[in-house]
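I opened a fresh page for this one and kept my notes short. Come and look over my shoulder.

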Amino acid sequence: QAPVVYTSDSQINAAVPFGVSGLPTVPVHLTSNGVSGPDFPVAVIDAEPEVFRGADGYAAAINQDGTVNSSEHPAPGGSILSIWVTGTVAPPFSAQNTGQVATAAEDFHCCQVQVLEDHAEVLYAGAAPGLIAGVVQINFRVPTLDFFAEQQYLEFTVQSGDQSSAPVRIHYYGSLNTLNVSSNQEPLLR
């Protein structure tokens, strides 16, 4: 049974149970107010990662200093940024509590972050404590790109399995030295 996360008159959001991983299709059955509809088949894929976004279309992200990543609080190159992703490959068995809230950090090593042609350093990619199992938190080091020092955003993708997310942007500015942020300050949620 898939845990329902949100419903409205025209939409149902549910968490796909990790137990369907590896199956080609699964039947979906809907019941509303005691009335059941017919089953319909849905194809299962191992991963289709997507980054949670804010209203401006940029990644919903927290900077290393605890501020929300925004044009007023961009992430400096060399700092650590936390983002949240869904649609990753199934985590290890211990984390497969679909629909339950993750109570502790558990690194699955499930994802990579790519900025331009290079992989960013991923420090953590696993359970997002306080959020529903199936949401993955990724903490990664924002690359310092001298040739982008004046650019106000960086675009990246997240890879999980053999799939990549759609490109998404973060607000970016120069380097740690430019904004006077300590490189040894711990990321907010890890």
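Is Glu-155 buried, partly exposed or exposed? I looked it up in this predicted model, and Glu-155 counts as partly exposed, at 38% relative accessibility.

**Entry: the salt bridges**

Next I wanted to know what Glu-155 pairs with. Glu-155 forms a salt bridge with Arg-169, and their closest N and O atoms are 3.4 Å apart. Arg-169 sits in strand 17 (residues 168–175) and Glu-155 in strand 15 (residues 153–160), so the salt bridge ties together parts that are 14 residues apart in sequence. I checked the partner too: Arg-169 is partly exposed, with a relative accessible area of 30%.

How many salt bridges does the structure hold? I noted 2. Besides the pair above, the side chains of Glu-121 and Arg-141 meet in one, at 2.9 Å from N to O. This pair links distant parts of the chain, 20 residues apart: Glu-121 is in the loop between strand 12 (118–119) and strand 13 (122–127), while Arg-141 belongs to strand 14 (residues 136–141). Glu-121 is partly exposed, with a relative accessible area of 41%. Arg-141 is partly exposed as well, at 26%.

**Entry: the chain as a whole**

I stepped back to see the overall make-up. The protein chain has 1 helix and 17 strands. Of its 190 residues, 36% count as buried. I also looked at contacts with a separation of 6 or more: residues 24 or more positions apart account for 57% of them in the protein chain.

**Entry: Ser-160 and its surroundings**

Back in strand 15, I stopped at Ser-160. Why does Ser-160 count as buried? Its relative accessibility is 0%, and buried means under 20%, so Ser-160 falls on the buried side. Leaving aside neighbours within four places in sequence, I listed what Ser-160 is in contact with: Ala-47, Pro-49, Thr-88, Val-89, Cys-110 and Cys-111.

Two cysteines in that list made me curious. Cys-110 is buried, with a relative accessible area of 10%, and Cys-111 is buried at 8%. I then asked how many disulfides a search of the whole structure finds. The search gave 0.

**Entry: Ser-165 and Gly-174**

Another serine caught my eye. Ser-165 is found in the loop between strand 16 (163–164) and strand 17, and at 6% relative accessibility Ser-165 counts as buried. What does Ser-165 touch, not counting residues up to four places away in sequence? I wrote down Pro-49, Glu-50, Val-51, Thr-157 and Val-158. Pro-49 is on the contact list of Ser-160 and on that of Ser-165.

I followed strand 17 to Gly-174. Gly-174 counts as buried, at 6% relative accessibility. Its C-alpha atom is separated by 9.9 Å from that of Tyr-153, and the two residues are 21 residues apart along the chain.

**Entry: two positive phi angles**

Which loop holds Asn-33? I found Asn-33 between strand 4 and strand 5 (35–36). Its phi is near 50°, a positive value in a residue other than glycine. Asn-33 counts as exposed, at 80% relative accessibility.

His-109 also has a positive phi, of about 55°, although it is not a glycine. I placed His-109 in the loop between strand 10 (80–86) and strand 11 (112–115). His-109 is exposed, with a relative accessible area of 66%.

**Entry: the largest pocket**

I kept the empty space for last. About 1,300 Å³ lies in the largest pocket. Which residues lie nearest the centre of the largest pocket? Of the 40 residues that line the pocket, these are Ala-2, Ala-14, Ala-15, Val-16 and Pro-17. The elements that give two or more residues to the lining are strand 1 (4–7), strand 2 (12–14), strand 3 (25–28), strand 4 (31–32) and strand 6 (40–43). I sorted the lining by type and got 26 nonpolar, 12 polar and 2 charged residues.

Note on methods
Residues numbered from 1 in each chain as written. Predicted model: local features only at pLDDT ≥ 70, side-chain atom pairs only at ≥ 80, totals over all residues. Heavy atoms only, no water. Salt bridge = Lys/Arg side-chain N within 4 Å of Asp/Glu carboxyl O. Helix = DSSP H or I, 4+ residues; strand = E, 2+ residues; numbered from the N terminus. Buried < 20%, exposed > 50% of the residue type's maximum accessible area, 1.4 Å probe, protein only. 1 Å grid on protein atoms, 1.4 Å probe; cavity = no way out; pocket = protein on both sides within 12 Å on 5 of 7 lines; lining within 4 Å. Points joined across faces, edges and corners; volume = space filled by probe spheres on them. Nonpolar A, V, L, I, M, F, W, Y, C, P; charged D, E, K, R; others polar. Contact = heavy atoms within 4.5 Å. Disulfide = S-S within 2.5 Å.
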